[in-house]
Amino acid sequence: MEKFIKQLLVFGIFTVASYFVLLVFWGEFVPAAYTKNLNYSLGAYGHMYTRTREAEKHEKVDILFIGSSHAYRGFDTRIAASYGYKSFNLGSSAQTPVQTKLLLDQYLDQLSPKILIYEVYPYTFTNDGVESSLDIIANDRIDWNALQMAFTINNIKTYNSLAYGCYRKIFNRDKKFTENTVIAEDRYIPGGFVERKITANGPVVNGEKKAAWQPKDYQLNAFEKIIELVKKKGIKLMLVQAPVTSSAFAMYTDNNKIDSFFSKKATYYNFNKLLSLSDSAHFYNKDHLNQVGVKIFNDSLFIKLLKK
Amino acid sequence: MFFNSIDFAIFLPVVFVLYWFVTKNSLKLQNILLLVASYFFYACWDYRFLFLLIFSTLLDYFTGIKMGQSEDPRRRRFWFWLSVIVNLGFLGVFKYYNFFAESFAQSLSLLGIKTNFWVLQVILPVGISFYTFHGLSYVIDIYKRRISPEKNFIEYSVFVSFFPLLVAGPIERATHLLPQVKQKRFFDYTKAVDGLRQILWGLFKKIVIADNCAEYANNIFNNASGYSGSTLVLGALFFTFQIYCDFSGYSDIALGTARLFGIDLLRNFAFPYFSRDIAEFWRRWHISLSTWFRDYLYIPLGGSKGGTWMKIRNTFIIFLVSGFWHGANWTFIVWGALNAFYFLPSMLLNKNRDNLGSVAAGKLFPSLRELFNMVLTFALTVFAWIFFRAENLQHAGSYIRKIFSTSLLNKPDKAAFASTQNNIGIMALLVVFFIVIEWLGREQQYAIATFGIKWPRLLRWSFYSFLVFLMCMYMSTSGSAFIYFQF
C-alpha cells in the first residue's frame, strides 16, 4: 500500500509537469482551431487588451461603467465628459458577475469612482461565464483574483487558458502584441468605450423566446459580493439594463421578476421600459445601440443622474 | 454522482482510504463501509428511490432464505414467484407501464375505440434494470439449487448494491461476486495499478470519444431531415462510437474501481467492433447481459437443443426481450428483432461458434477475409444502431430512407459539424487513435492493459500522461450522462 501511494504521488507530479509541457507545446505550435479546450486570444472581440492597459494607468474617475458588451458599446465616456463627469468603461464581452467581481477587485481602488454604473444584462446571470473568463485571462493581468475566478467557474477551458496564460506572462510572450484602435468597424475610444461605424440595423429577425430566468448560484453569489464591496467602499451604485431592440426585448421572459430582483438591490433603471427607440434607426444589431441610440440613451441616463 | 465528475473524484479516494486504512483489519467493517458508501452513492442520484433498492434487497434476501429453509416444492415455488413477480412488477410499473398503456390505447384507437389511460408521471429509478437482474439471478440460482441462500444481510446487500456496478452494471452473479464479498481481501499492488489503468482508459473513451461523438450524433439525428444521406451515415457512425465508448468506458471505470477494492467484476465488453460475425459481436457486447439472458432465459426455454423452429423461436425471444430490456420503446424491440435476423443465418448453418478467439490473434494485421467480415459485421451493427438511437420508428424510417436516397452521393453537410465546438479533423484523428490502441490491445482484458508494459517506466508514464492531456484538451465541456443510466 505504501508503495502504491508513493508511486501514485510521483505519477501525479510527473503528470502535472508533463501536462504543462504539452499545454505550452499545444498553445505555441498547434493552430487555435485544433486546441479545443485552450483558448488564448489576445485582443479578442471588444478591445479588452487596450482597455485593461489603459485602466492600469488611468487616474481617478467620477463614474466607472461596468458590465457586458452593452456597457462598453453603450456608455460613451465622451458624452459623460460633456455632462462634466470623468469616467472609465470597464465593460467586456459577455461579462458575467464573476468577471465583474474580478475586475472590481483589480481596478476599483485605483479608479476610485464616486458612482458605479453597473449594466446588468439579466442573461449574463444565467451564463456559465467561460467565454468572458477566457477574454479576461488573455487580455488582463493574471493574479490571485483570476485564480479565484477560475475556481468559481470550474471549467477545463478556463483552467487550461489560465495555466497557459501564466506561461505567456511569466516569459513575457505577449510583449510584441499591439492592438489596433480600429478593428473592422469598431473604434476604441480612450476611456474604454467602443464606437461602431455602422449606423442602421438590418431587418428584424424574430428569435426564440428565452428560457425562464434562472440565475446560476455562483453568479448570484458574485453579484451579492459586488453589492457588498461597493457599499463597503461608500460608492453610489446604479444598476442599469441597457436598451436592446424591442423585438429582442420581447423574447425576454420574467421581466417583472428581473426588475423586482434588481430594484431591491440598488437604484435600478430598465431603459427598455424607459426609452422608446426605433429598432432600425437606433441599433446596429438586435442587441446593441448605434451611435445615435447611444446618444439618446446616455443623455437620458445622465439627466437622471444629475437629478439625483 | 457520475464516474466522470469531481464529486466521484473526491468520493472514490475517501472510500479507498477508509477501506484500506481504517477498516482493513475487519472484513465486516469493510463490507459495512462498502454498503454505506454504495447507498450514499445511490442517494446522490435520487435518495427517494433508495427505499426501492433496499426493499428489493430485503425481498430477495428473505425469499432466498425461505426457499433455502423449505424442502416443500410448493412453498419454494411460492417464495420464488413472489420475488420474481414483485421484482418484475416494480420494473414493469416504473419502466414499462406508460409504454403498455399508450400502445394499448393506440391499438384501441385503430379500432375506433377512444380510451384515456392514466399515464404515470414518474422518473425511472436509476439502475433499476440492473439491480433487479442481480436479485433475480440470485433468486433463480437458489430455486434451481445452484447456490445456497446468503445468511449475512450485509454481505448480500453489498452483492446487490456495490457502488461501481450499482447504476449500470455489469450485471453480476451471486456465484461470482458473493464469494469475493465474503472473503477477506488484501491489498494487491498490481491489481490496484491495473484498476487505475482501466479507469484511465474508460475515462478517455467516455469523455473524449463518446461525449464528442455525441455532439455530432445528436445534432445529426435531431435534424436528420435537413441533412444529406452521406451526413446521416456519418451521424450513425458517430452514434456507433458514442454508444460503445460510453458504455464500455463506464464498464472499464466500474471494473477498475472495483479492482481498487480488491474485487473483480465480470467483463462486459471484449472489443465487439472487431467481431467477424454477429454471433461473435454478441459474445463481446454487454457480455454480462447477454450471458444473463442465455443462462436464465434461452437455456430454460430449451436453448438450441430442440428443432430448427425452436431455435428460431428462442433466438427471437431472447433478442426481443433484450431489446425491450433497454427501454419501453418500439425502436428497441425492432433493434432486437433486427439483431435476431442478423444472428439466424449463422445459427442455422451452425457457424455461430466459428469465431471464438480474437481476430488475427498474434498478428498485427487481419487477413483480407477477416477484414471483410469485420467491416460487414460493423456495417450491420451501425445500421441496427439507427433504430436504437432514433426517437421512434417514424424517425428511424425517415432516417434510413434519407440514407438510401440519391443524397447519399452528396458531400456531407458542413453545417452538421460546424455547430459543435469540435473540429472534425481533430475528432477524426482522436477516433483513429482510439481504434489503433483498441486494435493493438484486442487480445487483452481492455485496450491498454499491457500497452507499453515492457517500456521503460518514463515512457509508459508519458503515454498515460498524454492520455490525461488529451482528455483535458479535448473533453466535451457540455458533458453528458452515461447512456445506459437511462436503462
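I take helices and strands as DSSP runs, a helix (H or I) needing at least four residues and a strand (E) at least two, numbered from the N terminus. I note at the outset that this is a predicted model.

**Entry 1. Chain A overall**

I counted the secondary structure of chain A and obtained 13 helices and eight strands. Its radius of gyration is 21 Å, close to the 19 Å that the globule rule gives for 308 residues, so I record chain A as being as compact as a globular protein of that length. The C-alpha trace of chain A spans about 70 × 40 × 40 Å along its principal axes. I find 55% of the 308 residues buried. Of the contacts in chain A with a separation of 6 or more, 82% join residues 24 or more positions apart. The surface that chain A exposes is about 14,000 Å², with 57% of it supplied by carbon and sulfur atoms.

**Entry 2. Chain B overall**

For chain B I counted 19 helices and zero strands. I compared its radius of gyration, 23 Å, with the value near 23 Å for a compact globule of 487 residues, and the two agree. The C-alpha atoms occupy a box of roughly 70 × 70 × 45 Å along the principal axes. Buried residues amount to 57% of the 487. Residues 24 or more positions apart provide 78% of the chain B contacts with a separation of 6 or more. I note an accessible surface of about 21,300 Å² for chain B, 66% of which belongs to carbon and sulfur atoms.

**Entry 3. Nonpolar cores**

I then looked up the nonpolar cores. The largest has 175 residues, and those with the most contacts inside it are B:Phe162, B:Phe163, B:Phe261 and B:Ile448. Helix α10 (residues 229–260) of chain B contributes the largest share of this core, 15 residues. A second, separate core holds 51 residues, including A:Leu90, A:Tyr123, A:Leu134 and A:Val230. I followed the contacts of B:Phe163 beyond four places in sequence; among them are B:Phe3, B:Phe8, B:Phe11, B:Leu34, B:Phe41, B:Thr257 and B:Phe261.

**Entry 4. Helix α8 of chain B**

In α8 (residues 174–182) of chain B, I find B:Ala174, B:Leu177, B:Leu178, B:Gln180 and B:Val181 buried. Viewed down the axis of α8(B), the buried residues fall within an arc of 160°, so they line one face of the helix. I traced their packing partners in chain B to α2 (27–46), α5 (128–143), α6 (153–161) and α7 (163–166).

**Entry 5. Two single residues**

Is A:Trp144 buried or exposed? I place A:Trp144 in helix α7 (residues 144–153) of chain A, and its relative accessibility of 57% counts as exposed. Its C-alpha atom lies 9.6 Å from that of A:Leu102, 42 residues apart along the chain.

B:Thr315 belongs to helix α13 (residues 308–326) of chain B. At 1% relative accessibility, I record B:Thr315 as buried. Apart from neighbours within four places in sequence, B:Thr315 contacts B:Tyr298, B:Ala340, B:Phe343, B:Leu344 and B:Met347.

**Entry 6. The contact between the chains**

Chain A brings 26 residues to the contact and chain B brings 31 residues. I note a buried area of about 2,500 Å² between chain A and chain B, 74% of it from carbon and sulfur atoms. Which three residues of chain A supply more of the area it buries against chain B than any other three? I find A:Met1, A:Phe4 and A:Lys36, which supply 29% of that area.

Key:
Residues numbered from 1 in each chain as written. Chains lettered and ligands numbered in written order. Predicted model: local features only at pLDDT ≥ 70, side-chain atom pairs only at ≥ 80, totals over all residues. Heavy atoms only, no water. Buried < 20%, exposed > 50% of the residue type's maximum accessible area, 1.4 Å probe, protein only. Arc of directions from axis to C-beta. Contact = heavy atoms within 4.5 Å. Core = buried A, V, L, I, M, F, W, Y, C linked by side-chain atoms within 4.5 Å. Rg over C-alpha atoms; globule rule 2.2 N^0.38 Å. Areas by Shrake-Rupley, 256 points an atom, 1.4 Å probe, with all protein chains shown as cover. Buried area = accessible area lost by both parts, 1.4 Å probe.
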